[in-house]
Amino acid sequence: MKHLPLRAPTALEYFASLVAEDEGFALLEAAIAIAQDAYPRLDAQSVLADIDALGQRLKRRLAPDASAMQRLRALNHFFFAELGFAGNVNDYYDSRNSYLNDVLETRRGIPISLALLYVELASQVGLTARGVSFPGHFLVKLRMPQGEVVLDPFSGRSLSREDLDERLAPYRKRHGLVGDFETPLGLFLQAAEPRDVLARMLRNLKEIHRSTADWAQLLAVQQRLVLLLPAAAEERRDRGLAWAELGRADAAADDLEAYLALQPDAPDAEELRQRVRALRRPGRTQLH
């Protein structure tokens, strides 16, 4: 009997398998896998094992009957004081702040990458922690017997209601959510869904690569965003624009046409129809 050779999945196929279903969504593993665009040989399972090893180190220090507050204090000391995790204030927009393997090595990151590691370690010591997509700055909240604790993973500070209201004030003002229209603080503190957390991570990278005109890396991020958010027409559009910058006219036109089919009356629809006609023009040079 002839055996067909087994082929290892590509990085994108691997990512697609992790984000295919909301049930059992492998957030931490998928977040690690994002770094495979920069580190093609990166072994996500090895990074997961490194994080588990940190969790085991912390667990060994806790008595089986340790209270939730004792666990929280031990976690905060371990994560922020002993391991030294902190926000990368010197190079906030370095893409490596979004790669969990780099964050583990340098102990520096941005709020969302630090939050992912913190939430994972919290869960390993029996605490209930979730990420919060707070405007402008990702946070962590922990459900404790005494009530919710909200923590800034960038600084390690616990935030009071007054702190949170102060941070939210510019956003409320900018969006007209003041006075009679003031939105309750609790609405901004809801736990973020895993798919939304991953989308926020990828969109952070998207802005970094777009600002530096790194079209190859931008395309890699857009490939993942299209897999993660198949119904998000704007991600297909933005992938098409990245293809166009890289000289891939047919792929660009395919994506822009898909966007126009979903959003025929979008404000940029006419401009993009003209772009598609130019991309489809016979005799146009195509890069491969």
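Reader: Let's start with β3 and β4. How many bridges join them, and do they run parallel or antiparallel?
Author: Five bridges join strand β3 (residues 128–132) to β4, and the two run antiparallel. Keep in mind that this is a predicted model.

Reader: OK, noted. Which residue of β4 is the bridge partner of Gly 131?
Author: That's Val 140.

Reader: And what links β3 and β4 in the chain?
Author: They form a hairpin, with six residues between the strands. Gly 136 sits in that turn and has a positive phi of about 80 degrees.

Reader: What about the other side, how does β4 pair with β5?
Author: Five bridges join β4 to strand β5 (residues 147–151), and the pair is antiparallel. A hairpin connects β4 to β5 here too, through two residues.

Reader: Which residues stand opposite each other in β4 and β5?
Author: Val 140 faces Leu 151 in β5. Further along, Arg 143 stands opposite Glu 148, and Met 144 is across from Gly 147.

Reader: So what's the strand order in the whole sheet?
Author: It's an open sheet of three strands in the order β3-β4-β5, with antiparallel pairing. β3 and β5 are the edge strands with a single partner each, so one side of each has no neighbour in the sheet. From one strand to the next, the twist averages 25 degrees.

Reader: Is β4 itself buried or exposed?
Author: Largely enclosed by the rest of the structure, because five of the six residues of β4 (residues 139–144) are buried.

Reader: Which helix lies across those strands?
Author: Helix α6 (residues 111–124) lies across β3, β4 and β5. Its direction is at about 15 degrees to β4.

Reader: Switching to helices. At what angle do α10 and α12 pack?
Author: About 40 degrees, with the axes of α10 (residues 233–245) and α12 (residues 269–279) 12 Å apart. The two helices are therefore oblique to each other.

Reader: Left-handed or right-handed crossing?
Author: α10 passes α12 in a left-handed crossing.

Reader: Which residues meet there?
Author: From α10 you have Arg 237, Leu 241 and Ala 244, and they meet Leu 272, Arg 275 and Leu 279 of α12. That contact divides into four nonpolar residues, no polar ones and two charged.

Reader: New topic: Glu 82. Where does it lie?
Author: Glu 82 lies in helix α4, which covers residues 68–82.

Reader: And how accessible is Glu 82?
Author: Glu 82 has 34% relative accessibility, so it counts as partly exposed.

Reader: What is Glu 82 in contact with, leaving aside its neighbours within four places in sequence?
Author: Glu 82 then has contacts with Arg 57, Arg 61 and His 77.

Reader: How far apart are Glu 82 and Val 47 in space?
Author: They are 20 Å apart, C-alpha to C-alpha, and 35 residues apart in sequence.

Terms used: Residues are numbered from 1 along each chain as its sequence is written. This is a predicted model: local features need pLDDT of at least 70, side-chain atom pairs count only at pLDDT 80 or more; totals for chains, interfaces and linings use all residues. Side-chain values use heavy atoms; hydrogens and water are left out. Axes are lines fitted to C-alpha atoms, for helices over the stretch in contact, and angles run from 0 to 180 degrees between N-to-C directions. Helices (H or I, at least four residues) and strands (E, at least two) are DSSP runs, numbered from the N terminus. Angles under 35 degrees count as roughly parallel, over 145 as roughly antiparallel, 65 to 115 as roughly perpendicular and the rest as oblique. A crossing is left-handed if the near helix is turned anticlockwise from the far one by less than a right angle, and right-handed if clockwise. Contact means heavy atoms within 4.5 Å. Ala, Val, Leu, Ile, Met, Phe, Trp, Tyr, Cys and Pro count as nonpolar, Asp, Glu, Lys and Arg as charged, and the others, Gly among them, as polar. Buried means under 20% relative accessible area, exposed over 50%, partly exposed in between (1.4 Å probe, protein chains only). Two strands pair if DSSP finds at least two bridges between them.
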